[in-house]
Each structure stands twice: as C-alpha cells, then as structure tokens.
Amino acid sequence: MPEPVPGPEPLSRGRAVLTGVLGVGSALAAGDLVAGLVSPPSSPFLAVGDQFVRLTPEWLKDAAIAAFGVYDKTALLTGMGAVLGVLAVLAGLVARRRPGPGLAVIAGMGLLAAVCTQAAPTAAPADLLAPAVALVTGVAVFAGLHRALGVTDPGRVRPGGGTRGAATPGAPPARRAPADRAEPSPGLRSALRDAPVRRRRALTLAGGVALGSLAAGAAGRLLASRAGAQTVIALPAVAIDRVPPPPAGVDLPGAPSWLTPVGDFYRIDTALQVPRIDPASWTLRIHGMVERELTLTFAELEARPLVERPITMVCVSNPVGGDLISTARFLGVRLADLLAEAGVRTGAEQLLSTSVDGFTTSTPVDVATDGRDALLAIGMNGAALPVEHGFPVRMVVPGLYGYVSGCKWITDIELTTWDAAPAYWTERGWAPRGPVKTQSRIDTPAAGASVPAGRVAVAGTAWALHVGITRVEVAVDDGPWRPAELGADGGADTWRMWRTTVDLAAGARTLRVRATDRTGTVQTEQEQPVVPDGATGWSAVPVTVV
Ligand SMILES: Nc1nc2c(c(=O)[nH]1)N[C@H]1C(S)=C(S)[C@@H](COP(=O)(O)O)O[C@H]1N2
Ligand SMILES: [Mo]
C-alpha cells in the first residue's frame, strides 16, 4: 500500500519570513562583496538607489527638499531599506507552500539591480557581475532554506494521528482524511524521530547564512571605501600664484572658522556613491560654441599656470541662518584663460558642465569671463581635492551658488545657449542663473540657548560674495540696529566674521542680524524660501535670558 503523502502543509509564517529575509539579505551581501572586489558602483542596492535619484520626479525631489532641507541621502537609503525589508518579508510569505513565487520576487529584484547598473552613466559590462552573483546567491539560499526549514517544520511532519494535537491536553486527535491511520507510517516515524536533529541543523544553517551575509556585506563595504583611498595624488610643486595669506583677525571668537577644515566643509550632491576617477584616464572636453575645441588631460591641466584663492561656497538650499556654506583655499586653473584659448563664439550664453555621474550645472558665460577667479580646481586647503568634493577636478565660481557653478567630477564643458539645454536643477524648477544673495547669520549664542542676563557676546558671519561686506548690525527684539565689529577682510569672495555685545534683560529675547554690502545695499528683510533662487530675510535667534 503506497505511503500517503502528507498534504502540502505551508511553512509557518515565522519560517517563511526568515527564508525571505535571509534570501534577500544574503543576495545583497554577496552583491556588495563582489562589487567591493570588482567595481564599487555595481553594488545592487546602491545602483538601484542611484537610478531612483536619476528618475525621481521633480515634485518628489521638492517634497524631499521641503522635508529634509536638502536632497537627503540618509532619508532615501532608509526608505529604500524599508521597501526592501517589506519585499523580503513578502517573498517569504508568498512562498509558504512552494518556493516558486518567492524565487520569482528575488530574481526580479536581481534583474532590476542589473538593469540599474547598466543605466548608470559610468556603466561597464563588468558591473553586471555583482547583481548576477546576488541573484544566484539569493535564489540558492532561498531555495535551500525553504527546503531545510520546510522538512523540519512541525506543521509539515504532522503524522496521521496528529501528534501535535494529541500533545495538547483535551484536544481531540485531528482526523483529516480516511487514509489517516492511528499509527504513523515507518517513513513518518523516522521523520518524526529525526525532526529535532534536522530542525537544529536547519536553524544552524539559517544562523550561518545570517552571519555569513553580515561578514560578506561588511567586507564589501570596507573594500568599497578603501577603493577611494588610492586616488590621492600629490599636487604639482610648481610656482603657484597665491594671494597673500589672510590678514590677522579674519577669525573672531564665537564666529565660524574663516577657513573651513576640509572635513567640516559642507557637502551636497546627488551621488549615493562618490564617483572614483583615475586621474590618468581623466579628460576634460571644452566644446560647443567655440572656435577651437579643447581636450585636456589631467597632466596637461596641472601643468598650466595655477592660482590659489580663498573662496566661499554656498548652497542655494541654505535656509536663512543655515550652515550649507564653507570656505577653502582652492587651487586651480583660471577658467577664463581656457575659455579664451578655446575662443567663445558670440551668442554662447552658458557653460553647461557635465560630471562623470551625469549631473550638470549651467554657469553664465558673462560671469565666468568677467575677471573673477572662476577656477577649474584640483586642490583644496593645500591638498588634492577629496573625492567627496570632486576629485580630480571641479569648477568653483566665486559669487554663484554651487548648483550653477560647482560641478564636481567635471569632464565636459559645452558652450551653448540657455534654451538649448537646462541643467540638472534648472530642469527641476530652480533658476538658471544663481548669484548668491547677501546674508548674515548668528552663530553665538545658539538658537534656543539660555544665557545669563547682562552683557552677552554675540558673533557670527555675513557674506555678499564677490561684492564684500562693509557693515553688520544686530538688534534685540524691536530695539534699534547697532553696528557690530567686523573681522579683518579676507577678500570679497569670502565671508566676513563679526561680533558685538548686547545688554539683555531677563525673559524671552530675539536677536536679529542684517548685513550691508560694499555698494551700500542693506540685506533685504523680505522673506523668501530657498526655491527657486535662494532664501532671503533677516536671521532671528530666540534665546532665554535668565
Ligand atoms: N557632480 C555633482 N556636482 C555638484 C553637485 C552634484 O549633485 N553633483 N551639487 C552641486 C551643489 S547643489 C553644490 S551646493 C555644490 C556643493 O559642493 P561641495 O559638496 O563640495 O560643498 O556642488 C555642486 N556640484
Ligand atoms: Mo547646492
């Protein structure tokens, strides 16, 4: 008489979820390990994230900026992690009876990652390896665990008499089918006898997969972060045209450091993974509306006359009182010299710069060639550009917000018209030209601070870039504006520190600041949001005086 086959009992929910989570987790880890070894940008998770950033519709980016101030990567990665977690749980739950549907979910995720690596501007066929290994690992782990956990699942090895039911006091033995017999068959008896051993083995297997995935994922991330360290270069030891060192007194107590240490320099970009460029194979093409197209290698660029200038950079997303502003000594080649060599044709309105990662900026030709120190920078504060800030070459233009001037990892400059091609952020509703608006900020005391009544030191910074600050005033509540002491002038292309003391009586007080530029124009009181061309208004800092 043939052995009655136990019905296709589903995996318990917990085991199904475990199978899905470990299947997806091991796939990600294997993918990251291979990516770390072969090509960091091919990490399946990050490749999907990068493609998401590229495809994000304007309204969603605006919403993200509204919610997080800037296009926040942590928020994006957290959100992606949550979606992935849900998919992993679903992959397990849809496969409680048969592994097929779960395998389909995992394979689909692998294929999506593969497509995303190939959609990247830096795509190479070798980038398919990491998603392929991820897919194979995920499928193998999912199928293997599904089998191992299924065989020992108490729900699956329910013998005819219903041992689970019988073990429960008072519960009658569950008789499901006439074929069920009171005595377990020999096959089921052995399965029952072996069940605890197999169960232990299966759970050990699951634990091993979890630990192995964590180790592989960590190794992959470590390898990817080490890949960047190799791109450090020595700056050329040639005569460099430097401006004199800043006068004593550019720094004031309570104000930010006039020169920002590179590690503290604000960072904004759409890159989930920093592009890694080999300077030996880097080139810059200057073309479009020019008399002579130029293509420069890195060696050719750094062999040209180099200048070093302190320049303050600001992000257009910097709210009033915000800290998306920093200053560095940038070393580079004057952009105007290169443009003169290429011969800009009349009618060219913008420099459309393209980064190796596909990001673009539009810089007005008239601004780039008006005599200011617009640079193709290769160095920052005496060292090569850090990868996060555009290694090997970026553009820096004093007086313009970063989104229209600061192209990092730059490889292409096309001279063209405004109508021909909107740049990355202009396409998303921001203004094509982005002159920095005059602003001032209170750094000390901090907003919401408690300060003792009496004389209180107040300090901060102000900027009117490429124009210069000549006056900063501070007011308490609705009191009169009183001038602050200015730090030494480090150059019109940099911010200027200020400090003063005010008399504060106990209670809730508001400190306000406003700046006046070299043309005599007072910073506008009119409040405007960061979109489309930079925030305005007077910064107000509430303090509690005790
Ligand atoms: N390739 C690339 N370059 C970029 C960006 C970017 O997203 N990608 N962001 C721009 C913006 S909006 C700003 S404010 C500056 C910031 O430069 P930083 O990160 O070196 O401070 O870089 C600009 N250059
Ligand atoms: Mo920006």
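**Ligand 1 site, annotated transmembrane spans and two open sheets**

A nitrogen atom of ligand 1 lies 3.1 Å from an N or O atom in the side chain of Ser355. The protein covers 99% of the 540 Å² of accessible area that ligand 1 has on its own. The structure is a predicted model. Beyond the ligand site, this briefing covers the spans annotated in UniProt as "transmembrane region", an open sheet of five strands and an open sheet of four strands.

**Ligand 1 and its surroundings**

- Ligand 1 is surrounded by 19 residues, of which Tyr266, Thr270, His389, Arg394 and Lys408 are the closest.
- By residue class, the shell around ligand 1 consists of nine nonpolar, five polar and five charged residues.
- The backbone also takes part in contacts with ligand 1: an oxygen atom of the ligand is 3.0 Å from a backbone N or O atom of Ile268.
- At Gly406, a polar backbone atom is found 2.9 Å from a nitrogen atom of ligand 1.

**Spans annotated as transmembrane**

- An unreviewed UniProt entry lists residues 75–95, 102–122, 128–149 and 202–224 under "transmembrane region".
- In the model, residues 128–149 are 95% helix and 0% strand, with 31 Å between the end C-alpha atoms.
- Residues 202–224 are 100% helix and 0% strand, and the C-alpha atoms at the ends of this span are 33 Å apart.

**Five-stranded open sheet**

- Five strands form an open sheet in the order S13-S20-S19-S15-S16, and their pairing is mixed.
- Strands S13 (450–451) and S16 (482–483) are at the edges; each has a single partner strand, so one side of each is left without a neighbour in the sheet.
- Within this order, S20 and S19 are adjacent; S19 (residues 507–517) pairs with S20 (residues 539–545) in the antiparallel sense over seven bridges.
- Leu511 has Val541, in S20, as its bridge partner.

**Four-stranded open sheet**

- A further open sheet contains four strands in the order S12-S14-S18-S17, with antiparallel pairing.
- Its edge strands are S12 (439–444) and S17 (485–486), each of which pairs on one side only.
- Five bridges join S12 to S14 (residues 454–463), and the two strands pair in the antiparallel sense.
- Arg441 stands opposite Thr461, which belongs to S14.

Note on methods: Residues are numbered from 1 along each chain as its sequence is written. Chains are lettered from A and ligands numbered from 1 in the order in which they are written. This is a predicted model: local features need pLDDT of at least 70, side-chain atom pairs count only at pLDDT 80 or more; totals for chains, interfaces and linings use all residues. Side-chain values use heavy atoms; hydrogens and water are left out. A residue is near a molecule or strand if one of its heavy atoms lies within 4 Å of it. A polar contact is a pair of N or O atoms within 3.5 Å; within protein, one must be able to donate a hydrogen and the other to accept it, and residues adjacent in sequence count only if both atoms are side-chain atoms. Accessible areas come from the Shrake-Rupley method with a 1.4 Å probe; for residues, only the protein chains shown count as cover. Ala, Val, Leu, Ile, Met, Phe, Trp, Tyr, Cys and Pro count as nonpolar, Asp, Glu, Lys and Arg as charged, and the others, Gly among them, as polar. UniProt positions are given in the numbering used here, feature names are shortened, and annotations may be inferred rather than shown by experiment. Two strands pair if DSSP finds at least two bridges between them.
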